[in-house]
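Dear colleague,

Please find below the structure that I am handing over to you, with its sequence. The notes that follow set out what was found in it, and I would be grateful if you read them with the model open.

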Amino acid sequence: MAFPIPIVIGLVVAGAAGAVGTAIRWRAGRRRRQQENARQDQTRTHRPGNSNTPVTEQRGSQQGPGRQRQPHARAGQRPVRQGKTISERRRPYRPQPRRFPDYDKQSLVKALDTAIANAAGNTIDTVLSKLPSNQMSRREQINTVRSKVDAMRSALRALRMPDYDDDITAAAYLLEYHPQHVGMAHAVMSRVLQSRNSGKMIDDDTGRLHVVDLASGTLAMQFGVAITVADALIRGESVGGVAIDSVDISSAMLKAGQTAWENFATAVQHDENLEALAEACHLITFNTHTRHSTVPSHEGECWLSCLHGVYQQNSSNLERTLHALHDEHHPIVGMMSCWGRTPEDQNVEIARRISPFQGTSWRSDRVFLPMRAEYPIPFLFNREEPDAIETGKIGHQYGILYSEYPGFLWRPTDTALLTYYRSFSDRDS
C-alpha cells in the first residue's frame, strides 16, 4: 500500500520527537536517582545534628574495612564487598593485650619505701596524739613505742602471736616485716607460675583471678599480687581483673595495710617508670574482712593463701577457717608459708598438718629460703636489699630501730614456702 509523502514525513518526525522525549525523561530520572543517592550517603556518613563529624571518626575501630560504603559505578549497582566475609565481620572483636614496658626496680622500691613509711608514721602520730602530752615527755612517748616493739619481737622469736590489735604494733610490723612479706608473696606466686605448663598467671578462660588471703596482716599478699600482675602485663598476657579478699582478726593490721596500699597505688600512678604497676593496681579490686564468713565468691579461678599466719596457739582456729574457705571457694592453688629452716621445724610441721590441700587431687611443693642465700626462684629483692631511706628515718625517729641496727632486710629469711596445685582433671570435683 502506498502512503502519501506528507503522512510518512509526519510519522518520522513524531517518532524522532518521542525518542528525544524518552531520552530526556531517562536522563532526568538518572539525575534524580543520583541526587537521592548523594543524600543517602550524606545521611549515613554524618550524625544528625552534627554534620561536620563523620561517624567513622567517632566509632574508631568498630568501622572496619568491610563495613565502609563503597562508591557506585552507576546508579543501582551493588557496592563491591572487600576484606573479610560477613560471618568473620560479625565475630566479636577482641583486642590483643598491650605489652607494657618493664618497670624500673629502683622506682618500685622508692614507691614501696615511701608508702610504708608514711602509713607507719601517720599511725604512730595518731596514737601519740591521744596520749597526755602534758604528762609525758617525748622520750617517754618513744619508750612507750619501743616497749611495744620489743614485745612484738620477743613474741615472734618465740613463734608466738604478738598483740596485733595494737596500733603501734601494727605500725612497727608494717615498717619491719611488711617489705619482706611483699617479696615473699611475690616469691611464692613466681613459684606457682613456674609449675604451670602455660606459664601464664591466669589459666581461666575468663582471664580473672580471685585471691582469698587468710591472716593477711598488713596486706603484703595484695602488694605481691600487684607486682605479679605487672610482670604478666609486661610479658603481654591478658588480665581481665583480680579480686582480693583479705581476712584478718586484727582491724589495726588491716587498717595500717590499707593506708600503705592507698599510698602505694597513688605513688605508682604518678611515676612514668611504673606504668605496668599502675595498670596492675587499676585491675585490682579488694575488700578486707575480720570474719571469713563474709568473703564472697567471684568469677575466675581462685587461689587461697595463708602466709606467715601459723602459730601453735592459733592452729586449731586457723585449721577450721582454712578448711571452711577451701570448701566454700574451691581453690585450684594453695599457698602457705611460715618461719622455718628445715622440715622438722615446729611451724613447718603445723602448717603441713592443718593444710586443707590434701588428698590425691593435690600435688605439693616446698622450698626453704635461708638467710642471705641466693634463692632458686626469681623475685624482686633477690640480690641486693634496697636503701630503705624513708622507712629507716621513721624507724629511728620513733625508736623502732636502734642506732646499731642500720636498716631492714627487704627479703624473706628463714622461711618455708609450701605451694599446692590441684590437677586439671580434679578442678571441677
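Helix α5 passes α6 in a right-handed crossing. In this predicted model, α5 covers residues 138-157 and α6 covers residues 167-176, and the two pack at an angle of about 65° with their axes 9 Å apart. Since angles of 65 to 115 degrees count as roughly perpendicular, α5 and α6 are therefore roughly perpendicular to each other. On the α5 side the contact is made by Val145, Lys148, Val149, Met152 and Arg153, and on the α6 side by Ile168, Thr169, Ala172, Tyr173 and Glu176. Sorted by class, the residues of this contact are six nonpolar, one polar and three charged.

Helix α10 (residues 275-283) takes part in two further helix pairs, which I describe in turn.

With α8, the axis of α10 comes within 8 Å, and the two cross at roughly 120°. Here α8 passes α10 in a right-handed crossing. From α8, the contact draws on Ala226, Ile227, Val229, Ala230, Leu233 and Ile234; from α10, it draws on Ala276, Leu277, Glu279, Ala280 and Leu283. This contact of α8 with α10 comprises 10 nonpolar residues, no polar ones and one charged.

With helix α9 (residues 251-269), the axis of α10 again comes within 8 Å, and the crossing is at roughly 135°. Angles over 145 degrees would count as roughly antiparallel and 65 to 115 as roughly perpendicular; α9 and α10 are therefore oblique to each other. The crossing of α9 and α10 is left-handed. Its contact is formed by Trp261, Phe264, Ala265, Val268 and Gln269 of α9 together with Leu277, Ala278 and Cys281 of α10. Seven of these residues are nonpolar and one is polar, with no charged residue in the contact of α9 with α10. Leu277 of α10 is thus listed in the contact with α8 and in the contact with α9.

I turn next to the sheet. Seven strands form an open sheet with mixed pairing, in the order β5-β4-β3-β6-β7-β9-β8. Its edge strands are β5 (284-289) and β8 (362-369), each of which pairs on one side only. On average, neighbouring strands of this sheet are turned by 15° against each other, direction ignored. Within the sheet, β6 (residues 301-307) and β7 (residues 333-339) run parallel and are joined by five bridges. Leu307 stands opposite Ser337 in β7.

Helix α8 (residues 220-234) also links the two parts of this account: α8 lies across β3 (208-214), β4 (241-247), β5, β6 and β7, and runs at about 165° to β4.

A word on confidence is in order. The mean pLDDT of the protein chain is 79, and 71% of its residues reach 70 or more. Over residues 44-96, however, the pLDDT is below 50, and this stretch has 35 contacts in the model beyond near neighbours in sequence.

With kind regards

Methods: Residues are numbered from 1 along each chain as its sequence is written. This is a predicted model: local features need pLDDT of at least 70, side-chain atom pairs count only at pLDDT 80 or more; totals for chains, interfaces and linings use all residues. Side-chain values use heavy atoms; hydrogens and water are left out. Two strands pair if DSSP finds at least two bridges between them. Helices (H or I, at least four residues) and strands (E, at least two) are DSSP runs, numbered from the N terminus. Axes are lines fitted to C-alpha atoms, for helices over the stretch in contact, and angles run from 0 to 180 degrees between N-to-C directions. Contact means heavy atoms within 4.5 Å. Angles under 35 degrees count as roughly parallel, over 145 as roughly antiparallel, 65 to 115 as roughly perpendicular and the rest as oblique. A crossing is left-handed if the near helix is turned anticlockwise from the far one by less than a right angle, and right-handed if clockwise. Ala, Val, Leu, Ile, Met, Phe, Trp, Tyr, Cys and Pro count as nonpolar, Asp, Glu, Lys and Arg as charged, and the others, Gly among them, as polar. pLDDT is the predictor's confidence in each residue, from 0 to 100.
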